[in-house]
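Biologist: Please take me through this structure and explain the grounds for each term that you apply.

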Amino acid sequence: MSKFAPHRGSANQQRATSSTVCQKCLERGHFTYQCKGARPYVSRPSRTKQLENPKLKLKATPTVEVPEEFKKP
């Protein structure tokens, strides 16, 4: 068999399940490289709006605690 010939189905290929979420169209059931859908527009507040209104802060923003040794006396 030629090294340029297409391979038959590989045993280690994963199959998309109903819990698999596409990172492009955000739908379930397929991988990103298999996607035929369009990327949806996701409206998010600008950084200025977030700073002006603390209620608009993103939920994924991590909080960082400063150790006592770095705090000013």
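**Terms and their grounds**

Biologist: Why does Leu-26 count as exposed?

Modeller: Leu-26 has a relative accessibility of 51%. Exposed means over 50% relative accessible area, buried under 20% and partly exposed in between, with a 1.4 Å probe and protein chains only. Leu-26 therefore counts as exposed. This residue is found in the segment before α1, and its phi is near 65 degrees, a positive value in a residue other than glycine.

Biologist: What kind of model is this, and how are its residues numbered?

Modeller: This is a predicted model, in which local features need pLDDT of at least 70 and side-chain atom pairs count only at pLDDT 80 or more, while totals for chains, interfaces and linings use all residues. Residues are numbered from 1 along each chain as its sequence is written, and side-chain values use heavy atoms, with hydrogens and water left out.

Biologist: How many helices and strands does the chain have?

Modeller: The chain has 1 helix and 0 strands; these are DSSP runs numbered from the N terminus, with helices (H or I) of at least four residues and strands (E) of at least two. Helix α1 spans residues 47-52 and includes Gln-50.

Biologist: What makes Gln-50 buried?

Modeller: The relative accessibility of Gln-50 is 6%, so this residue falls under the limit for buried. Its side chain also makes a polar contact with the side chain of Arg-47, at 3.1 Å. A polar contact is a pair of N or O atoms within 3.5 Å; within protein, one must be able to donate a hydrogen and the other to accept it, and residues adjacent in sequence count only if both atoms are side-chain atoms.

Biologist: How many of the 73 residues are buried, as a percentage?

Modeller: Of the 73 residues, 10% count as buried.

Biologist: Why is there no bond from the sulfur of Cys-22 to that of Cys-25?

Modeller: The two sulfur atoms are 3.8 Å apart, too far for a bond, because a disulfide requires cysteine sulfur atoms within 2.5 Å. For Cys-25, the closest cysteine sulfur is in Cys-35 at 3.7 Å, also too far for a bond. The count of disulfides is 0.

Biologist: Are these cysteines buried or exposed?

Modeller: Cys-22 is buried at 0%, Cys-25 is buried at 8%, and Cys-35 is buried at 14%. Cys-35 lies in the segment before α1. Not counting residues up to four places away in sequence, Cys-35 touches Cys-22, Lys-24, Cys-25 and His-30; contact means heavy atoms within 4.5 Å. The C-alpha atoms of Cys-35 and Cys-22 are separated by 7.3 Å, although the two residues are 13 apart along the chain.

Biologist: How many aromatic pairs are there, and why does the pair have its name?

Modeller: The count is 1 aromatic pair. The rings of Phe-31 and Tyr-33 have centres 5.8 Å apart and planes at 10 degrees, so the pair is stacked. Rings of Phe, Tyr and Trp (its six-membered ring) pair if their centres lie within 6.5 Å; planes under 30 degrees apart count as stacked, over 60 as edge-to-face and the rest as tilted. Tyr-33, at 65% relative accessibility, counts as exposed.

Biologist: How do you know that Lys-71 and Glu-68 form a salt bridge?

Modeller: Their closest N and O atoms are 3.4 Å apart, and a salt bridge is a side-chain nitrogen of Lys or Arg within 4 Å of a carboxyl oxygen of Asp or Glu. The pair therefore qualifies. Lys-71 is partly exposed at 45%, whereas Glu-68 is exposed at 63%.
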